[in-house]
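Where does a folded protein leave empty space inside? Look through the structure below with that in mind.

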Amino acid sequence: MWIVRIAVIVVFLVLVEIAVRTELINPFFVPRPSEAVARMGTRLTDGEFLGLVAVTLGETFAGFALAAVVGMVVGFLLWRSRSLGDAFEPLVAALFSSPIVLLYPIFLVILGRNSTAIVALAAVFAVLPTILFTKQALSAVSRTMLNVGRSLNLSAWSNFRHILLPAAAPTIFTGLRIALTYVLIVVVAMEYILQIGGLGRFVSESSLLFRATDLYASVGLIVIISAAFIWAINRLEKLVQR
Amino acid sequence: MSALQHIDLDVRKGEFVSVVGPSGCGKSTLLSTVSGLLTGFDGRITVRGDEIKGPHPDVGVVFQEESTFPWRNVLKNVEFGLEMRGVSKEERRRKAMEILTMVGLEDFAKSYPGHLSGGMKQRVAIARTLVMEPSILLMDEPFGALDEQTRIILGEELLRIQRALDQTVLLITHNIQEAILLSDRVVVLSARPGRIKAIVDIKLPKQRDSTLLATDEFAGLVGQVWSVLREESLRAFAQEQNNDEETTHA
């Protein structure tokens, strides 16, 4: 399967390479993929990218960790207490479908034009799917499965760790993957719009200056970071289900 | 309105007792109370003289609904209870494989429940309970979702295991033939609130199999149980219709 996935990407890049070399696509706007990849390499080795990657990674990790921890705890509480759940779940769901990202000026005014504002906005946005999916995941765990644990006289902790958590994990982790996507979008978009911080700023700068090769090199790097995060989340899911 | 009333039932050691009754008569409630999962009722349930206040370690429960863990393979599903009790890895592997062989799933040890049929999943659930070697086995319509053939075959297997381990079994079912084929006694509950309407002794040989289904003696017992159950089922049916009307009027 891995081979197929990689092959699809390589074939696509080769097609673009051919299209650019034959000038089917204007090389001024789209660089040759081989060039962009090479540029990514040089920018990483000459250190230019390292600082940017560190900032973007840091913001993403902080925003995601906050959203994950707070979201799972709140989701658990909404599940645990029926009245809390009935009261707040619809509110969270309503917020979830609203464009919170447009609130960024408020965050800037309160927290300043800095990474803290970006992390806070990303976390607020991403905490919503985490809460909703956690609540729904726990509600969907069948009573019968929990009764299996009870009939074996399991402790509350064992029941949680070995039945409730693994049973709810697939849906919770779907929420976490959505949360991660939101965090990355907010982080990169805010860096881009505000011209501060890491790779998003570099993307914006490169596009303003028509440096297409740098632009695609940095966008490619963001894609790689995103894939790495998703990989890590999937590994974590496997661990929980043991 | 209470689900059950005036239930007074003694099950002897090594005895196989089935409970049949019209739908909604509280059969499952009866099992929940005996398993210790349902508390807060009036009355006493004892196991060898000890009053039940919560799940008892000698009691194993097989549930009606799908209860295998989809994130564990068949072997690890069966090992679950032993693992939670801290039994060593080799020991629980050996015991689990033994039971899996008994229920005919030894070739599926590494499969995940998602890839198994409903009948196989239910066998995994039964194996997971049997591996704990409970001296008392409570089963709530364990074959409810299965087709007729699988139901009969699994019933025979269960009987064989029960005889081998000399277990005491309380089986809830809505299938009269299954109840008679497996049991030493069949308890018939009345329509809601469930009371014991009749207890039918099944005087069939201890060692038996499904070939009995074709005998006159078996047909006689089915007729005997059904004559009691029919009346109650009709009453339960009438109750349901009344309830429906009440809800539509309300």
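This report covers the annotated membrane spans and then the cavities.

The model is predicted. In chain A, an unreviewed UniProt entry places the feature "transmembrane region" at residues 49-79, 91-111, 117-141, 162-195 and 215-233. Take two of these spans. Residues 91-111 of chain A are 67% helix and 0% strand, with end C-alpha atoms 25 Å apart. Residues 117-141 of chain A are 96% helix and 0% strand. Their end C-alpha atoms lie 37 Å apart.

Now for the empty space. Rolling a probe the size of a water molecule over the atoms shows where such space is left. The structure has four cavities of 30 Å³ or more. Two of them are set out here.

| Cavity | Volume | Nonpolar lining | Polar lining | Charged lining |
|---|---|---|---|---|
| Largest | about 180 Å³ | ten residues | five residues | two residues |
| Second largest | about 80 Å³ | four residues | three residues | three residues |

Which residues are closest to the centre of the largest cavity? Of the 17 that line it, they are Ser151(A), Leu152(A), Val61(B), Thr129(B) and Met132(B). Helix H7 (143-151) of chain A gives two or more residues to this lining, as do strand E4 (59-62) and helix H4 (118-130) of chain B. E4(B) supplies the largest share, four residues.

The second largest cavity is lined by residues of chain B, among them Glu148(B), Arg151(B), Asn175(B) and Leu213(B). Helix H5 (148-165) and helix H6 (176-182) of chain B each give at least two residues to its lining.

Conventions:
Residues are numbered from 1 along each chain as its sequence is written. Chains are lettered from A and ligands numbered from 1 in the order in which they are written. This is a predicted model: local features need pLDDT of at least 70, side-chain atom pairs count only at pLDDT 80 or more; totals for chains, interfaces and linings use all residues. Side-chain values use heavy atoms; hydrogens and water are left out. UniProt positions are given in the numbering used here, feature names are shortened, and annotations may be inferred rather than shown by experiment. On a 1 Å grid over the protein atoms alone, a cavity is a set of points where a 1.4 Å probe fits but cannot get out, and a pocket is an open set with protein on both sides within 12 Å along at least five of seven lines; lining residues have an atom within 4 Å of a point. Grid points are joined across faces, edges and corners, and a volume is the space filled by probe spheres set on the points. Ala, Val, Leu, Ile, Met, Phe, Trp, Tyr, Cys and Pro count as nonpolar, Asp, Glu, Lys and Arg as charged, and the others, Gly among them, as polar.
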